[in-house]
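Reader: Please take one part of this model and go through it closely. I would like to know what pairs with what there, and what packs around it.

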Amino acid sequence: MAVLVVVRYYMIVNLLFPLTCLLLNLTHCFSPNKLNVSAVTTSNSDWSIAGATWYGDPNGYGSDGGACGYGTAVAQPPFAKMVSAGGTSLFKSGKGCGACYQIKCTSKSECSKNPVTVVITDECPGCVTESVHFDLSGTAFGAMAVSGQSSQLRGAGVLEILYRKVECKYIGKTVTFQVDEGSNANYFAALVEYEDGDGEIGRVELKQALDSDTWISMSHLWGAVWKLDVSSPLRAPLSLRVTSLDSGETVVATDVIPAGWKPGAKYKSNVNFQV
């Protein structure tokens, strides 16, 4: 009998609770049995404040000459124009290239308040007013707006936004190396693209054919490009080992640069960082 009474009491309380909230118009009433977990995990507690502007065409991809070296690839999937130049604290002298961030704006009526993801693909050397600044492509800036309000939002000037660093997830892509046009038998340089996880590169090493133990450290040249000068001609196929900047996770692209490789060619590995 006691159990039955308790159950009936619980049912009555659950029925009266939403009615009471409606009658009293209490904005803080909530049912603990219907707490929205996603609303809690997407709260602003893990977001920080930054400044945002945009450059290039209103519906464009910023610049195809970007300081990371990705070129016109920023207009195509997986970047798909959702890119940004970064101020000093984001660009990190080029080592911030490839990092992924969620951004959103909440300060204006045109803001959708929904997060969008962008990749750092360029540098904004003049963005020094705020400690963190995103100079977004016109497409990425407009993506923060309510549907139909992107043009109005792009007229806001410097916009206060919220941001947080997130893992990159390049679906269907693996770590890819584009050999620099100036490379030859004694000088090898390559652009590194599509690193899942941290996105940022902390170290790149090269190993020649028939040398199973020796990894040679490459030097950061600019943007996402790393290079190596050697006194003797390189022996291909070449393996490359990439270490992420933040986590220190490492992947090895074995024999990714084949014998007979060509300057300007792009070579896909079969590996990527785990996310």
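Author: Start with Gly86, whose bridge partner in strand S5 is Phe134. The model is predicted, so to speak of local features a pLDDT of at least 70 is needed, side-chain atom pairs count only at pLDDT 80 or more, and totals for chains, interfaces and linings use all residues. Residues are numbered from 1 along each chain as its sequence is written, and side-chain values use heavy atoms, with hydrogens and water left out.

Strand S2 (residues 83-86) and S5 run antiparallel and are joined by 3 bridges. Two strands pair if DSSP finds at least two bridges between them; strands are DSSP runs of E with at least two residues, helices runs of H or I with at least four, and both are numbered from the N terminus. S2 and S5 belong to a closed barrel of 6 strands, in the order S1-S5-S2-S4-S3-S6, with mixed pairing. On average, neighbouring strands in this barrel are turned by 50° against each other, direction ignored; the axes are lines fitted to C-alpha atoms, and angles run from 0 to 180 degrees between N-to-C directions.

Ser137 is also found in strand S5. Ser137 is buried, and its relative accessible area is 0%. Buried means under 20% relative accessible area, exposed over 50%, and partly exposed in between, with a 1.4 Å probe and protein chains only. Leaving out residues up to four places away in sequence, Ser137 touches Trp54, Tyr55, Gly60, Tyr61, Gly62, Lys81 and Val83, where a contact means heavy atoms within 4.5 Å. One of these neighbours, Trp54, has Arg154 over the face of its ring, at 5.9 Å from the ring centre. A charge sits over a ring if NZ of Lys or CZ of Arg is within 6 Å of the ring centre and within 35 degrees of the ring normal.

Now the aromatic residues. The whole structure holds 8 aromatic pairs. Phe134 takes part in one of them with Tyr101: the pair is edge-to-face, with 5.4 Å centre to centre and 75° between the planes. Tyr101 lies in strand S3 (residues 100-104) and Phe134 in strand S5 (residues 133-137), so the pair ties together parts that are 33 residues apart in sequence. Both Tyr101 and Phe134 are buried. Rings of Phe, Tyr and Trp (its six-membered ring) pair if their centres lie within 6.5 Å; planes under 30 degrees apart count as stacked, over 60 as edge-to-face and the rest as tilted. Elsewhere, Lys104 lies over the face of Trp47, 4.4 Å from the ring centre. Tyr70, Phe79, Tyr170 and Tyr194 form one aromatic cluster.

For context, the chain has 5 helices and 15 strands. Of its 275 residues, 43% are buried. Among contacts with a separation of 6 or more, 69% are between residues 24 or more positions apart.

Apart from the barrel, there is an open sheet of 5 strands in the order S11-S12-S8-S7-S15, with antiparallel pairing. Strand S11 (219-222) and strand S15 (266-268) are the edge strands, each pairing on one side only. Neighbouring strands of the open sheet are turned by 35° against each other on average, direction ignored. S11 pairs with strand S12 (residues 225-229) in the antiparallel sense over 3 bridges, and Trp222 has Val225 in S12 as its bridge partner.
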